[in-house]
Amino acid sequence: MQINISYGAAVQTGREAPEAGALAGIAKVASTCTLCRLAGGRKNVVFGMGNPAADLMFVGEGPGEQEDLQGLPFVGRSGQLLDRLVLEEMGLTRQDFYIANTVKCRPPGNRDPLPDEIEACWPYLEKQLELINPRVVVTLGNFATKSLLATAEGISRLRGRVYPYRGAQLVPTFHPSAALRGGGQVVAQIRADLVRAKEALGAAQPGGAQQS
Ligand code: URA
């Protein structure tokens, strides 16, 4: 088993990353976690990656096949789409943000994570949020959004606005896999949400990317 946690330069904020050591400690604990049944089928724990000093953090659902194989979040098709949209709408790369998932181990056959799996894994995500202390959190899809906002409301109703979250701002959007399935309209909505996140970061360019 390997632990993958990589640190980009603090290009966005200039903040030092004293949290990097603490994060690495949590990643080490997670690497041998057996708190839920997902431990039995994983190849790697996918803890998170990116810049631990960033102001921006993305939270997804759970690792897929490629993520499980490589031990890194969002390295498959949906991650590639996310990277492209974030670059086009926000001008940012993985050096500029941190990205993690609601559950750190792959659910078998890419099924949805179960409530007790999300609950068992929550302390890892909570600690990541606490240490990274982002100013803006973008939740990708139903599971991340419902977990962080503690709501039963679905992503279609929740997206399109910004929510206060533990002193930060939370921008919910669709999971990029929904865009791979749903096409242009979903992509446009994700783009609009990324512009919201950029504005929340205080880096919006007047007259910039499209909204819908
Ligand atoms: N989908 C997710 O939610 N997370 C990943 O890391 C990959 C795909």
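The expected span of a helix is 1.5 Å times one less than its number of residues. For helix H1 (residues 19–30), with 12 residues, this gives 16 Å, and the end C-alpha atoms are 16 Å apart, which agrees. The model described here is predicted. The protein has 8 helices and 6 strands, and buried residues make up 46% of its 212 residues.

**Overall architecture**

- Read from the N terminus, the elements follow the order α-β-β-α-α-β-α-β-α-α-β-β-α-α.
- Among contacts between residues at least 6 apart in sequence, 73% join residues at least 24 apart.

**Helix H1**

- The buried residues of H1 are Glu19, Leu23 and Ala30. These residues cover an arc of only 35° around the axis, so they lie on the same side of H1.
- On the face of H1 turned away from the buried side are the exposed residues Gly21 and Gly25.
- Helix H4 (115–132) is included in what covers the buried residues of H1.

**The sheet as a whole**

- Strands of a sheet pair through backbone hydrogen bonds, either parallel or antiparallel.
- The 6 strands of the protein form an open sheet with mixed pairing, in the order E1-E3-E2-E4-E6-E5.
- Strand E1 (49–50) and strand E5 (163–165) are the edge strands, each of which pairs on one side only.

**Strand E2 and its partners**

- Strand E2 (residues 56–60) is mostly covered, with 5 of its 5 residues buried.
- Leu56, Phe58 and Gly60 point one way from E2, while Met57 and Val59 point the other way; all are buried.
- On the E3 side, E2 pairs with strand E3 (residues 98–101) in the parallel sense over 4 bridges. Within this pairing, Tyr98 of E3 is the bridge partner of Met57.
- E2 also pairs with E4 in the parallel sense, over 4 bridges. Here Phe58 stands opposite Val138 in E4.

**Strands E4, E5 and E6**

- Strand E4 (residues 136–140) and E6 pair in the parallel sense over 5 bridges. The bridge partner of Val137 in E6 is Leu170.
- E5 and strand E6 (residues 168–173) run antiparallel and are joined by 3 bridges. In this pairing, Leu170 in E6 is the bridge partner of Tyr163.
- Leu170 is thus a bridge partner of Val137 and of Tyr163.
- The hairpin of E5 and E6 has 2 residues between the strands, and Arg166 in this hairpin takes a positive phi near 45°.

**Helix H8**

- Helix H8 (residues 184–200) has 17 residues and, at 1.5 Å a residue, should span 24 Å; its end C-alpha atoms are 24 Å apart, which agrees.
- The buried residues of H8 are Gln189, Ile190, Arg191, Asp193, Leu194, Val195, Arg196, Ala197, Lys198 and Ala200. Arg191, Asp193, Arg196 and Lys198 are among them.
- The cover over the buried residues of H8 includes E2, E4 and E6 from the sheet, together with helix H3 (77–90) and helix H7 (176–182).
- After H8 comes Gly202, with a positive phi near 80°.

**Phe97 in the loop between H3 and E3**

- Phe97 lies in the loop between H3 and E3.
- Phe97 counts as buried because 25 other C-beta atoms lie within 10 Å, the cut-off for a buried residue being 20 or more.
- Apart from its neighbours within four places in sequence, Phe97 is in contact with Gly50, Asn51, Ala54, Leu56, Met57, Phe58 and Leu92. Of these contacts, Leu56, Met57 and Phe58 are residues of E2.
- The C-alpha atoms of Phe97 and Ala53 are separated by 8.0 Å, although these residues are 44 residues apart along the chain.

**Ligand surroundings**

- The ligand is surrounded by 13 residues, of which the closest are Gly60, Glu61, Glu67, Pro73 and Phe74.
- By character, the shell around the ligand divides into 4 nonpolar, 7 polar and 2 charged residues.
- Gly60, one of the closest residues to the ligand, is also one of the buried residues of E2 and points the same way as Leu56 and Phe58.

Technical notes: Residues are numbered from 1 along each chain as its sequence is written. This is a predicted model: local features need pLDDT of at least 70, side-chain atom pairs count only at pLDDT 80 or more; totals for chains, interfaces and linings use all residues. A residue is buried if 20 or more other C-beta atoms lie within 10 Å of its own, exposed if 12 or fewer, and partly exposed in between; C-beta atoms are placed from the backbone. The arc is that of the directions from the helix axis to the C-beta atoms. Two residues are in contact if their C-beta atoms, placed from the backbone, lie within 7 Å. A residue is near a molecule or strand if its C-beta atom, placed from the backbone, lies within 6 Å of it. Ala, Val, Leu, Ile, Met, Phe, Trp, Tyr, Cys and Pro count as nonpolar, Asp, Glu, Lys and Arg as charged, and the others, Gly among them, as polar. Two strands pair if DSSP finds at least two bridges between them.
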